Amino acid sequence: MKVSFPHMGNAYIPLSALLSNLGAEVIVPPRPTSKTIDAGALHAPEFVCLPFKVNLGDNLRALQMGADTLAMVSGMWACRFGYYGRVQHRILRDAGFEFESILLGREGVGAVYNKFRDTVDGNLTLSWLRAFRAFKRKAEAMDAIEKSAREKRPYERDRGSTSAAMDEGLRLVHEARGLKEADRALDGARELLDGVELEDVMEPPLKVAVLGEIYAVLEPSLNFDIERRLGEMGIMPFPVMSVYKWLFRPLKTDPSILIEERRARRTARPYIAYVLGGEEHQTISGTINAARNGYDGVIHLYPFTCMPENICRAILPRLESDFNIPILNLCLDEHASPTGMTTRLEAFVDLMLQRRRSRSKG
Ligand code: SF4
């Protein structure tokens, strides 16, 4: 089985570990570029949201690279994400590709479990257990490396040195075989990050919450690597979600993620009483929490035509005045450019700096 899946941040690291431990050959398509988006947009319905087009482009690339099985989360979300897998796979079959589908959520756990009966050597249950342990260990390592890089970047002496250490650390973890090697790779990544030279800064970095639609927040190729950009501008970003949480939330194995989600819904309820099927409660509660915790601003990322986040977009101006916190709304589509992003970020940083200074004088 040559299996592939679309990108979502660094999720390919734990997902590759899971699938390769189940005896599959994993095909990881290159990180999405404008060409990926163009290829996806060519086959996608015009008004579908941007992540659909990027995922479709990833799947196309994977099939061209020889994948014979495509995996995707599927389900009954109120927003369009629940239909991504089924619709994308139908579009690809209509375009002439032949492949097997693994639609997690749609097919049920038993069916997905049995798909690997022919690929594993020996006991299937033991292979799943081994695969899950490798998946978890690599997901934790990935999360720890991303977090450490985020904290160091605003203080780095040489611009780009933290990102280089992070990329190398992630590569070590990705290539590690077995749990012990994964642990050693994490130690190696920590050493690399500890080796990044830092400098003293005159004033503490501005703190910014980054929130919105999950793919727009977590996929660097879609958001022009906003986390890296902010860090290299001396800003400390706090993404409200992470790839780790996205992977483990549906598995319900980490109670802290579920508790956090329940709290978010409670905080957001006065402004949005309904479940829209996206990350609306995290967008609203994340903005309120950012103001309560003394952050300097909020960056709201959302794809053009995203239903839940366009509703949030209408609520956020009220939060901006109720909680006195500046919000930068960044709408992403296939025409967004890195230059446009940089210009808007620079203007927002100036605004936050002036606001901080006038507040400290006041
Ligand atoms: S959350 Fe928005 S962008 Fe994501 S699938 Fe749903 S409608 Fe599309």
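Here are some exercises with worked solutions on a predicted model.

**Exercise 1. Salt bridges across the chain**

Find out how many salt bridges the whole structure has, then work out which parts of the chain the pair glutamate 219 and arginine 31 ties together.

*Solution.*
Step 1. Start with the total: a search of the whole structure turns up 20 salt bridges.
Step 2. Now check the pair. The closest N and O atoms of glutamate 219 and arginine 31 are 3.2 Å apart, and a salt bridge needs a distance within 4 Å, so the pair passes.
Step 3. Place both partners. Glutamate 219 sits in the loop between α9 (214-218) and α10 (220-223), while arginine 31 sits in the loop between β2 (25-26) and α2 (34-43), so the bridge ties together parts that are 188 residues apart in sequence.
Step 4. Look at burial. Glutamate 219 has 0% relative accessibility, so it counts as buried. Arginine 31 has 33%, so it counts as partly exposed.

**Exercise 2. A bridge between two helices**

Say which helices hold aspartate 183 and arginine 137, and whether each residue is buried, partly exposed or exposed.

*Solution.*
Step 1. The two side chains form a salt bridge, with their closest N and O atoms 2.9 Å apart.
Step 2. Aspartate 183 belongs to helix α8 (residues 179-194) and arginine 137 to helix α6; the pair links distant parts of the chain, 46 residues apart.
Step 3. Partly exposed runs between 20% and 50% relative accessible area. Aspartate 183 comes out at 33%, so it is partly exposed. Arginine 137, with 27%, is partly exposed as well.

**Exercise 3. A network of charges**

Start from the salt bridge between arginine 356 and aspartate 296 and find which residues are joined into one network.

*Solution.*
Step 1. The side chains of arginine 356 and aspartate 296 meet at 3.0 Å, N to O.
Step 2. Arginine 356 is in helix α16 (residues 338-361) and aspartate 296 is in the loop between α14 and β7 (297-303), so this pair ties together parts that are 60 residues apart in sequence.
Step 3. Both arginine 356 and aspartate 296 are buried.
Step 4. Follow the shared partners: salt bridges join Glu203, Asp296, Arg356 and Arg357 into one network.

**Exercise 4. An arginine without a bridge**

Explain why arginine 153 has no salt bridge with glutamate 227.

*Solution.*
Step 1. Locate arginine 153: it is in the loop between α6 (124-152) and α7 (161-175).
Step 2. Recall the general idea: side chains of opposite charge can pair when their charged atoms come close.
Step 3. Glutamate 227 is the nearest side chain of opposite charge, and it is 4.4 Å away. A salt bridge has to be within 4 Å, so the pair doesn't count.
Step 4. Arginine 153 is buried all the same. Leaving out residues up to four places away in sequence, it touches Thr162, Ser163, Met166, Glu227, Arg228, Gly231 and Glu232.

**Exercise 5. Lining a pocket**

Describe the second largest pocket: its space, its lining and the element that gives the most to that lining.

*Solution.*
Step 1. The second largest pocket holds about 680 Å³ of space.
Step 2. It is lined by 29 residues, and Pro239, Val240, Met241, Lys245 and Glu260 are the closest to its centre.
Step 3. The elements that give two or more residues are α6, β6 (235-239), α12 (243-248), α13 (255-268) and α14 (280-292). Of these, α13 gives the most, with 7 residues.
Step 4. Sort the lining by type: 11 nonpolar, 8 polar and 10 charged.

**Exercise 6. Positive phi**

Compare where lysine 252 and asparagine 324 lie, and find the phi of each.

*Solution.*
Step 1. Keep the background in mind: most residues other than glycine have a negative phi.
Step 2. Lysine 252 has a positive phi, near 55°, and it lies in the loop between α12 and α13. Its relative accessibility is 60%, so it counts as exposed.
Step 3. Asparagine 324 has a positive phi of about 50°, and its place is in the loop between α15 (307-322) and β8 (327-332). With a relative accessible area of 47%, asparagine 324 is partly exposed.
Step 4. Setting aside residues up to four places away in sequence, asparagine 324 touches Leu319, Arg355 and Arg359.

Key:
Residues numbered from 1 in each chain as written. Predicted model: local features only at pLDDT ≥ 70, side-chain atom pairs only at ≥ 80, totals over all residues. Heavy atoms only, no water. Helix = DSSP H or I, 4+ residues; strand = E, 2+ residues; numbered from the N terminus. Buried < 20%, exposed > 50% of the residue type's maximum accessible area, 1.4 Å probe, protein only. Lys, Arg positive; Asp, Glu negative; His and termini not counted. Contact = heavy atoms within 4.5 Å. 1 Å grid on protein atoms, 1.4 Å probe; cavity = no way out; pocket = protein on both sides within 12 Å on 5 of 7 lines; lining within 4 Å. Points joined across faces, edges and corners; volume = space filled by probe spheres on them. Nonpolar A, V, L, I, M, F, W, Y, C, P; charged D, E, K, R; others polar.
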